[in-house]
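Trainee: Please take a close look at one single part of this model for me. I would like to know what sits there and how the rest of the chain connects to it.

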Amino acid sequence: MAKKLRHGSLFTGVGGMDLGLDWAGFETVWQVEIDPFARKVLKKHWPSVPKFTDVRECGRHNLQPVDIITGGYPCQDHSIAGKKRGLGTADSPTERSGLWFEYLRIVRDLRPRWVLIENVSRLLHTADGDTVLSGMEEIGYSWWPRLLDAGALGAPHKRERAWIICHRNDAHDHCDIEAVMVEQWALPPECKREMEEAREEWEDWRHE
């Protein structure tokens, strides 16, 4: 039986990405989330996974090594609904979206093979997007940004987001990620079944 790939989750929220990776066969080994209500949700669904509160207090001293780190860092300073303050700088970050620099520091500390970054679509149309991409490049990662609408993967609503998948340049594996991303997504059968059940539950709820 193949060994499960290990996943670490930053800015976990209620675990949307964690759930998807669980469906795809990954093992989530730690989660970092500051919101008390979200942590209650995580405790219910991932009771045995260690949880940490503040990304600023996390790093190689308390986070286990993993194959992939995921996270959607706060979007408030990017969003068109906010004040568009952006990231700031590593020395003077903005209060919310500036936590990106903590995300980058943790990736630099743990050096996972893969990183998956999520944020609002506007990110890739601003200088802040260049800051995120150049930061990953400086610590030795190649990256492939994409704008994806949740509806394109079968969700019953439109929600366009920026997704950036990154691969460590010196990792001893190979994946032609460009080819994968332009072809039909090949999801494991169990993941497809879970997605279909989620869509059916949504339809039932929507019509009540």
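Mentor: Start just after helix H3, where arginine 111 takes a positive phi of about 55 degrees. Helices here are DSSP runs of H or I with at least four residues, strands are runs of E with at least two, and both are numbered from the N terminus. The model is predicted, so local features need pLDDT of at least 70 and side-chain atom pairs count only at pLDDT 80 or more, while totals for chains, interfaces and linings use all residues. Residues are numbered from 1 along each chain as its sequence is written, and side-chain values use heavy atoms, with hydrogens and water left out.

The side chain of arginine 111 meets that of aspartate 170 in a salt bridge, at 3.9 Å from N to O. Arginine 111 lies in the loop between H3 and S5, and aspartate 170 in the loop between strand S7 (160–168) and helix H5 (177–182), so the pair ties together parts that are 59 residues apart in sequence. A salt bridge here is a side-chain nitrogen of Lys or Arg within 4 Å of a carboxyl oxygen of Asp or Glu. Arginine 111 is partly exposed, at a relative accessible area of 26%, and aspartate 170 is partly exposed as well, at 46%. For these labels, buried means under 20% relative accessible area, exposed over 50%, and partly exposed in between, with a 1.4 Å probe and protein chains only.

Now step back into H3 (100–110). Its buried residues are Trp100, Phe101, Tyr103, Leu104, Ile106, Val107 and Leu110. They pack against strand S1 (6–10), strand S2 (27–32), S4, strand S5 (114–120), helix H4 (127–138) and S6; a contact means heavy atoms within 4.5 Å. Charged residues of this stretch also pair up: Glu102, Arg105 and Asp109 are linked with Arg60 in a network of salt bridges.

On the other side of H3, serine 97 lies in the loop that runs from strand S4 (68–71) to the helix. Serine 97 is buried, with a relative accessible area of 0%. Its side chain reaches the backbone oxygen of proline 74 at 2.8 Å. That counts as a polar contact: N or O atoms within 3.5 Å, one able to donate a hydrogen and the other to accept it within protein, with residues adjacent in sequence counting only if both atoms are side-chain atoms.

Beyond arginine 111 comes S5. The side chains of glutamate 118 and arginine 161 meet in a salt bridge, 3.5 Å from N to O. Glutamate 118 lies in strand S5 and arginine 161 in strand S7, so this pair ties together parts that are 43 residues apart in sequence. Both glutamate 118 and arginine 161 are buried. Another pair joins aspartate 54 to arginine 56, with the closest N and O atoms 3.0 Å apart. Aspartate 54 is buried at 14% relative accessibility, whereas arginine 56 is exposed at 52%. The whole structure holds eight salt bridges.

S6 (residues 141–149) is among the elements that H3 packs against, and tryptophan 144 lies in this strand. Tryptophan 144 is buried, at 15%. Its C-alpha atom is 9.8 Å from that of leucine 116, 28 residues apart along the chain.

As for the cysteines, cysteine 58 is buried at 2% and cysteine 166 at 0%. The structure holds zero disulfides, a disulfide being a pair of cysteine sulfur atoms within 2.5 Å.

The surrounding chain has six helices and seven strands. Buried residues make up 40% of its 208 residues. Of the contacts with a separation of 6 or more, 60% join residues 24 or more positions apart.

Last, confidence. The chain averages a pLDDT of 84, and 76% of the residues score at least 70; pLDDT is the predictor's confidence in each residue, from 0 to 100. H5, which follows the loop of aspartate 170, has the lowest mean pLDDT of the elements (50), and strand S3 (residues 51–52) has the highest (98). Over residues 180–185 pLDDT stays under 50, and the model has seven contacts beyond four places in sequence for them. Where pLDDT is low, the predicted coordinates should not be read in detail.
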